[in-house]
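Q: Please take a close look at the aromatic pairing in this structure. I should like to see how it is arranged and what surrounds it in the fold.

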Amino acid sequence: MKLVIHGKNIEITEAIREYVHQKIEKAVNHFQNITNEVDVHLSVARNPRINPRQAAEVTIYANGSVIRAEESSENLYASIDLVADKIARQLRKYKERRQEQKTHAQPTNEVVVVESMVTDLIGDRTPELPNEVVRTKYFSMPPMTVAEALEQLQLVGHDFYMFRNSETGEINVIYERNHGGYGVIQPRNANGHANGKNGKSAQANIVMPEKSHSNK
C-alpha cells in the first residue's frame, strides 16, 4: 500500500510522519486488499481568526473508487486521530456495501432527478472567486452509471461529484439537492436537447438513505 503525505503551511517532521503512518495504517489495516493508495494532506490555516485551524484530509483510492474524509481541530494530532477513525468507518461502509451488492443484487426504487439545463445556479448570491488557483487536483474519470456516481458522491463526502456518464460518454455532475434527494446536471447540445439514450435524459433507480434536509 502506497501512503503519501503532503503539507501546506506546515513542515512534515519525522514525528508527524511516524504518527500519520501509525494511525492511518491501523485504520486501513483490515482493508489493504482493496486499498491501492492513501493520500494524506495536512494543513494549517495562516489566518489566526480561523478556528479550528489545523486540518487532516485522507483520500483513499480503492479498486477504482475514491474514499475521502476530512477533520479539523485546534491540534494537528487530534485532527489526525479524528480523520483516522472517520476513514476507517468509511472503508467499512464501502466494503459492506460491496458485499451487499454481490449477494443482494436487486433493483432499487428511488429516482435521481436529471436536470439537463440549469438557468441559475447561484440565485441572488454574489460569486466569490479566488485571485489565483490555490490547489489543483487530478483524478482518473472512468465511465460509470448514475447509480455508481451516487455511490461515489456518498463516499467522498462532498455536495457534488463529477463523472463521465457511461451511457453518453459526457461529463455529468451529480449533486445533493437542498430539498432532499439528488440531481444530475448534463450538458446541452446546440439544438437544446440533452444527450441520452434515444435522445432522452438518462435516469437511474437508486435507494437513498433517509435524511432530513432544511431549506436553504
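A: In this predicted model, the structure holds 1 aromatic pair. A pair of aromatic rings is described by the distance of the centres and the angle of the planes. Here the ring centres of Y19 and Y77 lie 4.8 Å apart and their planes meet at 80 degrees, so the pair counts as edge-to-face. An angle over 60 degrees is what that term requires.

The two partners belong to distant parts of the chain: Y19 sits in helix 1 (residues 14-27) and Y77 in helix 2 (residues 76-103), with their positions 58 residues apart. Y77 has a relative accessibility of 31% and therefore counts as partly exposed, since buried would mean under 20%.

Both helices also contribute to the largest nonpolar core. This core has 29 residues, and V20, I24, V40, L42, V58, I60 and I67 touch the most other members. Two or more residues come from each of strand 1 (2-8), helix 1, strand 2 (37-44), strand 3 (54-62), strand 4 (65-73) and helix 2. Helix 2 gives the most, with 8 residues. The contacts of I24, leaving aside neighbours within four places in sequence, are L3, V38, V40, V58 and A84. Another core lies apart from this one; it has 12 residues, including M144, V146, L153 and I174.

For the wider setting, the protein chain contains 3 helices and 9 strands. Of its 216 residues, 33% count as buried. Among contacts with a separation of 6 or more, 54% join residues 24 or more positions apart.

Definitions and conventions
Residues numbered from 1 in each chain as written. Predicted model: local features only at pLDDT ≥ 70, side-chain atom pairs only at ≥ 80, totals over all residues. Heavy atoms only, no water. Helix = DSSP H or I, 4+ residues; strand = E, 2+ residues; numbered from the N terminus. Buried < 20%, exposed > 50% of the residue type's maximum accessible area, 1.4 Å probe, protein only. Contact = heavy atoms within 4.5 Å. Phe/Tyr/Trp six-rings, centres within 6.5 Å; stacked < 30°, edge-to-face > 60°. Core = buried A, V, L, I, M, F, W, Y, C linked by side-chain atoms within 4.5 Å.
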